[in-house]
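I opened this notebook page to keep track of what I looked up, chain by chain and then across the contact.

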Amino acid sequence: MTSTRAAAAAVIAIAVALFAATFWFEQMPEGITRGFGAELFPRMVLGTIVALAVLLAIMPASNPPLPRIPPMVWYSGASLLAFMALVPVAGMLPAMFVYLVGVGYLWGERRHWLLFLSAILLTAAIWAVFVKGFGIPLPKGLLD
Amino acid sequence: MEHFLGGMALLLDPYILWVVFAGTVIGIVVGALPGISGSTTTALLLPFTITMGPIPALAFLGSIYCAANFGGSITAILVNSPGDPSASATAFDGYPMAQRGEAGRALGMSAVASAIGGIFSVIVLIVAAPLLARVAYSFGPPEYFALAVFGLSMVAMTGGDSATKNLIAGAFGVLLATVGQDLTTVVERYTFGIHSFSDGIEFIPVLIGLFALAELFEQAAQLGSRTVAAKLGAVRLPSWQDIKDCSKAIGLSSALGTFIGILPALGATTAAMIAYVETKRWSKNKAEFGKGAIEGVAGPEAANNAAVGGAMVPTLALGIPGSTTTAIILAGLIVQGVRPGPHLFTEQPLLLYAVFSSMLLANLLYLVLGLGFAKVFARISMIPAPYLWPAVFVLSVIGAYAPNQAMAEVWVAIAFGGIGFFMKRYGFSPAPMVIGLVLGKMVEETLKQSLLIFDLSWGGFLGRPIALTLFGLTVLFLLGPFLLQRLRGRP
C-alpha cells in the first residue's frame, strides 16, 4: 500500500470511528433540537472527510517511499513524556531544568558547563517572569 | 479619519509603543531562526497576551506578524535556510548574492522592499477593510455560512502535498471545533468523559502543539544537518540605481501580495512565490534570476510583507482568516472576548485603527532595525538546536499551562505536537486544520441559524444571491484547477 493510500485508509478509519461515536451522543426531544440534533453537523463533516479520503485514495499521486523516522524523534518524544512524569514528582521548574540539560545532551551538546548555565538561566527567568511577575503558581512536586 | 487619528494618538502611549517595539524585535529574531515561523511565534506567545487587553495584544501580535516575514529573509540570504517559509523565494537570489559578497546589499534591499510592501498593504487595509465591512454589514447567517464555506475551500491552496489533503485537514479542524457542549441542545460531543473538554478544545494548546511541538519533532529528525553562513559585510541602503532597477518589481509585487493576502487562507508564502515568478516574467534580466538578481530579492520581499496587511482585511472585516497567522491572531481575539467582523468598525473603531497604526509603525521599525542591527539578528539566528528547541518546549509548556493553570492543557499540546508531526510526514499541513478550527463554530452556528430561517429547507439558500455567488466561487475554486488540467489534456 502506498503512503497516500495508507494515509487515506487511516483517515477513513478515524472518521468511521468518530461517526460511530455520534450514536452515543445524548438524544434530545425534537422540540429542543428543532430538527438539527447535536449529531447532525459532525456527521455532515465526517461524511465530507470520508468522501475526500476516497478521492485521495483513487487519485493518481506520486508516492516516494517515506524515510524511516530517525530514532532521535522517538527519544525526543519519550523525553516529553519523561518531563510530564517528572512534574508531579519534582515540580515544574526542577523538571524543566532536568529537561533542558537532558535534551541538550541528547541532541549532542557536550559542553556541560554551558548546558547547566543556560538551563539555570532559563529556569530562573521563567520563575522570575511567571511566578514572581505574573503570579502564576506552577505545579509543585512531592519533593517541594 | 477621526478614528485613524485616534488610533495614531494611541501610539503615544508608552506601553503601546513598548509592545510594538518588543513585537517587532521578537518578530525579526524569531523570523530569522530557521524552523520558527511567524505562525509558530504567534501561537507560542498568544497565551502571554491574555493579560494585556485587546489593543496591546493585537498590536503585539500584529507587529510580530509584520516583522517575522522580514526576519525570515536574514537567514534566507545568509545561510540559504529561510527562517520563515514566506522567505523561501528570497533565498533563490539572496543567497547567491551573499556568496559573491553582496549580503549587505541584499539585506538592505530586503528591508526596503519589505517596508514598502508592508506600508502599501496597511494603507490598502485602512481603506479596504471598512468598505468591506460596510458591504458585510447587511450579511445575515446564510451569507456568513457561505462566506465561511468559501474561506474553508481556500484552504485547498495552503501548504501540504495536495488540495485534497488540505481539505481533509481543514474538515478535521471543523470537527475539532464541535468538541464540547452543543450550544443549542447542551449535548456533550466527543468529550470522552474529560471534564475540561466540556467547554470545547482550547485554541492555545492546539496551536502550540501543531506549530511549536510538531516542529520540535521535525528538528529532532534533522539533527546533524549543518548550514554554512555567508559573510555579512555592512548592511546598507540600496543604491539609487538598485531602487530604480527594482521599482517595477516592488510595485507589482506589493499589489500582487496585497491581493493574494486578501484572499481567505492564502498567505505570505504563496504571495512571495507568485511574486518571484511574475517579477522574473516582467524583468529585462531574466537570465540573472537564480544567480543573484537583486529584483529576485525585492519582488518576493515586497510581496510577502504586502500579504500581511492584505490578510488582515478579511480577518478584521469579516472574521475570516486571510492566512495561518491571522487565524491564530483571530483565535487570540476570540480568547480576549472580541469577535472580529463588520460590527467591530462601529463598536470598537479605536481598536481597529490602533492596530492599523501599530502595523504601520512596525513596518517602519523593522526597516530601521533591519538596516541597523541585521548583524546582531543574524548572530542570534545561529543559536544551536540543543539550546533552542528544548527552550521552545519549555516555553510551550508554560504557554499551554498558564491560561487555565491546568496540566491537562499541556497534555493536549503534546498530543497535537505528535499529530502535527505525523500530519506533516504524510503531506498534511497543520495550517488548514487551524483555519478549520477557527471557522468551525461559525460554520455550524450560521448553518443552524440559516436552516431555522428557511424552515429547515436547504432550498432557502437559492433565494440569497450573495450566498449563491459565494457558493459558486467555492465550486469554481475547488474544481477550477482540476477542470483546467482536463481541458489542457494533462493528468
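I first fixed the contact rule: two residues are in contact if their C-beta atoms, placed from the backbone, lie within 7 Å. The model is predicted, and I noted that local features need pLDDT of at least 70, that side-chain atom pairs count only at pLDDT 80 or more, and that totals for chains, interfaces and linings use all residues. Residues are numbered from 1 along each chain as its sequence is written, while chains are lettered from A and ligands numbered from 1 in the order in which they are written.

Entry on the contact. I looked up how many residues each chain gives, and found 53 residues from chain A and 45 residues from chain B. On the side of chain A that touches chain B, the elements giving two or more residues are α1 (3–21), α2 (30–33), α3 (40–58), α4 (71–90), α5 (92–106) and α6 (112–133), where helices are DSSP runs of H or I with at least four residues and strands are runs of E with at least two, numbered from the N terminus. Of these, α3(A) gives the most, with 10 residues. By class I read 40 nonpolar, 10 polar and three charged residues on that side of chain A, counting Ala, Val, Leu, Ile, Met, Phe, Trp, Tyr, Cys and Pro as nonpolar, Asp, Glu, Lys and Arg as charged, and the others, Gly among them, as polar.

Entry on α3(A) and α8(B). I looked up how α3(A) packs with helix α8 (residues 163–176) of chain B, and found an angle of about 160° with the axes 9 Å apart; the axes are lines fitted to C-alpha atoms, for helices over the stretch in contact, and angles run from 0 to 180 degrees between N-to-C directions. The two helices are therefore roughly antiparallel, a term used for angles over 145 degrees. Among the residues that meet are A:L46, A:I49 and A:L52 in α3(A), with B:L167, B:I168 and B:F172 in α8(B). I noted that the residues of this contact divide into 14 nonpolar, two polar and one charged.

Entry on chain A. I found six helices and zero strands. Chain A is more spread out than a compact globule, because its radius of gyration is 24 Å, well over the 15 Å that the globule rule gives for 144 residues; the radius is taken over C-alpha atoms, and the rule is 2.2 Å times the number of residues to the power 0.38. Along its principal axes the C-alpha trace spans about 60 × 50 × 25 Å.

Definitions and conventions
Angles under 35 degrees count as roughly parallel, over 145 as roughly antiparallel, 65 to 115 as roughly perpendicular and the rest as oblique.
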